[in-house]
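Please work through the exercises below with the sequence and the coordinates open beside you. Each task is followed by a solution that proceeds step by step.

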Amino acid sequence: MPLESRFADIKGHRVHYHEGGEGFPVLMLHGVGPGTSIMGNFGPVLEPLAGHCRIVASDLIGFGDSGRKKTEPFFDLALWIEQGLALLDLLPDGPCGIAGHSLGGALALKLAARSERVTRVLASSAIGVPYELNSALDGFWSLPTDKGALRRAMSRMAFDQSAVTDEMIDQRWALLQDDGYADYFAAMFSPPRQRFIDDAVLDDAEISALGRAEMKITLIHGRNDEPCPPDLTARPMAERLPAADLILLGECGHNLPRERSADYIRVATALFRDGAA
């Protein structure tokens, strides 16, 4: 089902989002990296999910077609949380869900801890627990000097290298070529980059809030995720969230919604269909 491209003013920023579909309302949030956008992370799954859910899928401030922050820090988790809470108000009243990828998975869980409306969370390839920055993620959060460097960084995001298409590279590279955006991105991810992982860690109060009875959480992760290895992310997250379901997909890297689109849609549809029951 097609989605419409729309804009809203949130905290003084022009925020872009796609909206459409019918059914259980779901907010979708992407991760962060060079040329990342909501379509970059979720492109193959948005329209199929809109056949089952009412979707609001947004570019985070500073990414895609959303506006940029005027002042540093450009990596601003608190602002993205405020953005997420405002986007929840665009969904129909009543219970809703959030689907977040990578850093967006941590955002989804943090938002769910803050809003009792949220009863379902799907976190794919998510961070949210402490672990040491590795070379794959450090490289991904570095400004690529050319398309070749971008392709090398993206190749470590996927197990199936056929998922790293020319179209994907061209789309991300084009976003990086927007006026001044390369400098903006470099400033956003200036070293030390360990602090970005640390910022995303769920605190004890958030973990407690996510334990409410009506909440259902599914963590879905690729076994071959190089930047966010499941043994350092998904498994310890599941231990902190004992009611959460953990699904590990074999021969799958970090770019899960694109690498394993059919599996992602199946898991998302089951979780959010249950939310509408």
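**Exercise 1. Decide whether Ser125 is buried or exposed, then place it and describe its backbone.**

Step 1. Ser125 has a relative accessible area of 0% and is therefore buried, a class that requires under 20% relative accessible area, whereas exposed requires over 50% and partly exposed lies in between (1.4 Å probe, protein chains only).
Step 2. Ser125 belongs to the loop between strand 6 (118-124) and helix 4 (135-140), where helices (H or I, at least four residues) and strands (E, at least two) are DSSP runs numbered from the N terminus.
Step 3. The phi angle of Ser125 is near 50°, which is a positive value in a residue other than glycine.

Before going on, note that the model is predicted, so that local features need pLDDT of at least 70 and side-chain atom pairs count only at pLDDT 80 or more, while totals for chains, interfaces and linings use all residues. Residues are numbered from 1 along each chain as its sequence is written, and side-chain values use heavy atoms, with hydrogens and water left out.

**Exercise 2. Carry out the analysis of phi and accessibility for Lys11.**

Step 1. Lys11 is in the loop between strand 1 and strand 2 (13-20), and its phi is near 55°, again positive in a residue other than glycine.
Step 2. Because its relative accessibility is 52%, Lys11 counts as exposed.

**Exercise 3. Describe the surroundings of Gln83.**

Step 1. Gln83 sits in helix 2 (residues 77-88) and is buried, since its relative accessible area is 0%.
Step 2. Leaving aside residues up to four places away in sequence, Gln83 touches Ile10, Val15, Ser58, Asp59, Leu60 and Ile61, contact being heavy atoms within 4.5 Å.
Step 3. For Ile61, the backbone nitrogen lies 2.9 Å from a polar atom of the Gln83 side chain.

**Exercise 4. Characterise the packing of helix 1 against helix 12.**

Step 1. The axes of helix 1 (residues 38-50) and helix 12 (residues 261-275) come within 10 Å and cross at roughly 40°; these axes are lines fitted to C-alpha atoms, for helices over the stretch in contact, and angles run from 0 to 180 degrees between N-to-C directions.
Step 2. Helix 1 is therefore oblique to helix 12, given that angles under 35 degrees count as roughly parallel, over 145 as roughly antiparallel, 65 to 115 as roughly perpendicular and the rest as oblique.
Step 3. On the side of helix 1 the contact is made by Phe42, Pro44, Val45, Pro48 and Leu49, and on the side of helix 12 by Ser261, Tyr264, Ile265, Ala268 and Thr269.
Step 4. By class, the contact of helix 1 with helix 12 holds eight nonpolar, two polar and no charged residues, with Ala, Val, Leu, Ile, Met, Phe, Trp, Tyr, Cys and Pro counted as nonpolar, Asp, Glu, Lys and Arg as charged, and the others, Gly among them, as polar.

**Exercise 5. Analyse the pair formed by helix 5 and helix 6.**

Step 1. Helix 5 (residues 147-155) and helix 6 (residues 166-176) have axes 10 Å apart and pack at an angle of about 120°, and the two are therefore oblique to each other.
Step 2. Helix 5 contributes Lys147, Leu150, Arg151 and Met154 to the contact, while helix 6 contributes Asp166, Met168, Ile169, Asp170, Arg172 and Trp173.
Step 3. The contact of helix 5 with helix 6 has five nonpolar, no polar and five charged residues.

**Exercise 6. Examine the peptide bonds that lead into Pro73 and Pro192.**

Step 1. Glu72 and Pro73 are joined by a cis peptide bond with omega about 5°, and Pro73 is in the loop between strand 4 (53-58) and helix 2.
Step 2. The bond from Pro191 to Pro192 is cis, with omega near 0°, and Pro192 is in the loop between helix 7 (181-188) and helix 8 (194-199).

Technical notes:
Polar contact = N/O pair within 3.5 Å; in protein donor to acceptor, adjacent residues only side chain to side chain.
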